Amino acid sequence: MNLSLAFALLKQYRDHIFLCACAVALAVFVFSFVKAAKRRRALASFANRMGFKFFPDELAAPPAFMEDENLALFDKGLNRRAYNVLTDRAGGVEIHVFDYAYTAGERKNSREHRLTVAVFSAPDGAYPIFLIEPKGVFDKLDPFTERGAVDLEEYPGFSKSYSIDSLQDVQSLKAALHGVFGLLALEAGWHMQSSRQNVLFFKNTGLVPIGEYEDFVRKCRSVFGALNGNLTVRL
């Protein structure tokens with residue numbers, strides 16, 4: 001097929017091509033809308049069953065923890081928003097579990113990232129400041145690089161999968177996180193960020209499926225409980 005014939009066919013069928021493109025775009029929009037509505041209904045049911053308050057849209061005022069400079073997640077990208085928010089309060093700790101979205105990249109190369117996040121907030125808290133994340137390829141080649149501020153040779157299960165950055169005193173940090181290291185060693189892929197008043201959890205694998213949501217919340221509760229001592233948090 002020569003070039004002139006290709007242009008002739010394109011001109012002849014351009015209206016059909018345009019209509020097909022519109023139909024595909026509409027189908028994608030409808031599918032996304034239906035999928036989002038189904039997730040909202042499922043989360044509303046979950047919240048009712050577990051005793052949470054549920055806010056399907058963005059909160060009128062973003063929670064204070066989203067301005068916490070020690071929670072690195074909330075510094076990423078643009079158009080940051082929390083929605084499908086579940087909240088509860090127990091033992092002086094406020095709990096938020098929510099779907100979170102932000103846009104990274106520039107212009108045509110930008111991409112929206114979505115993930116499910118849990119944040120435990122205590123106004124009178126005094127948690128150590130640290131960041132735990134899965135190790136990358138280069139971290140695994142050299143498990144005790146300068147990137148990880150804490151030497152964790154006595155926690156081989158944890159140090160195999162995770163790195164930790166903190167400016168806290170090493171010994172006090174190890175004492176505070178002893179139980180956390182043991183629990184995170186059981187499953188790779190978790191991100192944990194802590195400031196004085198807020199402790200945040202997520203896995204960088206997209207939105208947590210509804211069928212795994214209760215397990216996600218339970219695991220966050222367990223790790224937070226290990227950090228927070230004997231405090232019982234109802235989730």
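The following exchange goes through a predicted model, from its confidence to its sheet, helices and salt bridges.

Colleague: What is the average pLDDT of the chain?

Modeller: The model is predicted, and 76% of the residues score at least 70. Among the stretches that stay under 50 is 22-31. The chain average is a pLDDT of 81.

Colleague: Over residues 230-235, how many contacts beyond four places in sequence does the model have?

Modeller: Residues 22-31, where pLDDT stays under 50, have 0 such contacts. Residues 230-235 also stay under 50 in pLDDT. For residues 230-235 the number of contacts beyond four places in sequence is 20.

Colleague: Which strands stand at the edges of the sheet?

Modeller: The sheet is open and has 8 strands with antiparallel pairing, in the order β1-β2-β3-β4-β8-β7-β5-β6. An edge strand has a single partner, so one side of it is left without a neighbour in the sheet. From one strand to the next the twist averages 20°. The strands at the edges are β1 (53-55) and β6 (162-165).

Colleague: What are the bridge partners of Ile 132 in β6 and in β7?

Modeller: Strand β5 (residues 130-134) is joined to β6 by 4 bridges, and the two run antiparallel. With β7, β5 pairs in the antiparallel sense over 3 bridges. For Ile 132, the partner in β6 is Ile 164, and the partner in β7 is Met 192.

Colleague: Which residue in β8 stands opposite Ser 194?

Modeller: β7 and β8 run antiparallel and are joined by 5 bridges. A hairpin of 3 residues connects β7 to β8. Opposite Ser 194 in β8 stands Val 199.

Colleague: How many of the residues of β7 are buried?

Modeller: Both faces of the strand β7 are covered. On one side Trp 190, Met 192 and Ser 194 are buried, and on the other His 191 and Gln 193. The buried count for β7 is 5 of 5.

Colleague: Which strands does α5 touch where it packs on the sheet?

Modeller: Two helices can be placed against the sheet here. α4 lies across β5, β6 and β7 and runs at about 25° to β5. α5 packs on the sheet with its direction at about 45° to that of β4. The strands touched by α5 are β2 (78-90), β3 (93-104), β4 (111-121), β7 and β8.

Colleague: At which residue does α4 bend?

Modeller: The buried residues of α4 are Leu 173, Lys 174, Leu 177, Val 180, Phe 181 and Leu 184. Their cover includes β5, α3 (156-161), β6, β7 and α5. The helix α4 bends by about 60°, and the residue is Leu 177.

Colleague: How far apart are the closest N and O atoms of Arg 114 and Glu 112?

Modeller: Arg 114 is partly exposed, at a relative accessible area of 34%. Glu 112 also counts as partly exposed, at 36%. The two form a salt bridge, and their closest N and O atoms are apart by 2.9 Å.

Colleague: Is Lys 203 buried or partly exposed?

Modeller: Lys 203 forms a salt bridge with Glu 187, the closest N and O atoms being 2.6 Å apart. Glu 187 lies in the loop between α4 (170-184) and β7 (190-194) and Lys 203 in strand β8 (residues 198-203), so the pair ties together parts 16 residues apart in sequence. Glu 187 counts as partly exposed at 25% relative accessibility. Lys 203 has 18%, and because the cut-off is under 20%, Lys 203 counts as buried.

Colleague: How many residues apart in helix α5 are Lys 219 and Asp 215?

Modeller: Lys 219 and Asp 215 form a salt bridge with closest N and O atoms 3.0 Å apart. Lys 219 is partly exposed at 25%, and Asp 215 is partly exposed at 31%. Within α5 (residues 210-227) their separation is about one helical turn, that is, 4 residues.

Colleague: Which residues do salt bridges with shared partners join into one network?

Modeller: The model has 10 salt bridges. Two of the pairs are Glu 187 with Lys 203 and Lys 219 with Asp 215. The residues joined into one network through shared partners are Glu 187, Lys 203, Asp 215, Arg 218 and Lys 219.

Definitions and conventions
Residues numbered from 1 in each chain as written. Predicted model: local features only at pLDDT ≥ 70, side-chain atom pairs only at ≥ 80, totals over all residues. Heavy atoms only, no water. Salt bridge = Lys/Arg side-chain N within 4 Å of Asp/Glu carboxyl O. Buried < 20%, exposed > 50% of the residue type's maximum accessible area, 1.4 Å probe, protein only. Pairing = 2+ DSSP bridges. Axes fitted to C-alpha atoms, helices over the stretch in contact; angles between N-to-C directions. Contact = heavy atoms within 4.5 Å. pLDDT = per-residue confidence, 0-100. Bend = angle between axes of the 7 residues up to and from the residue.
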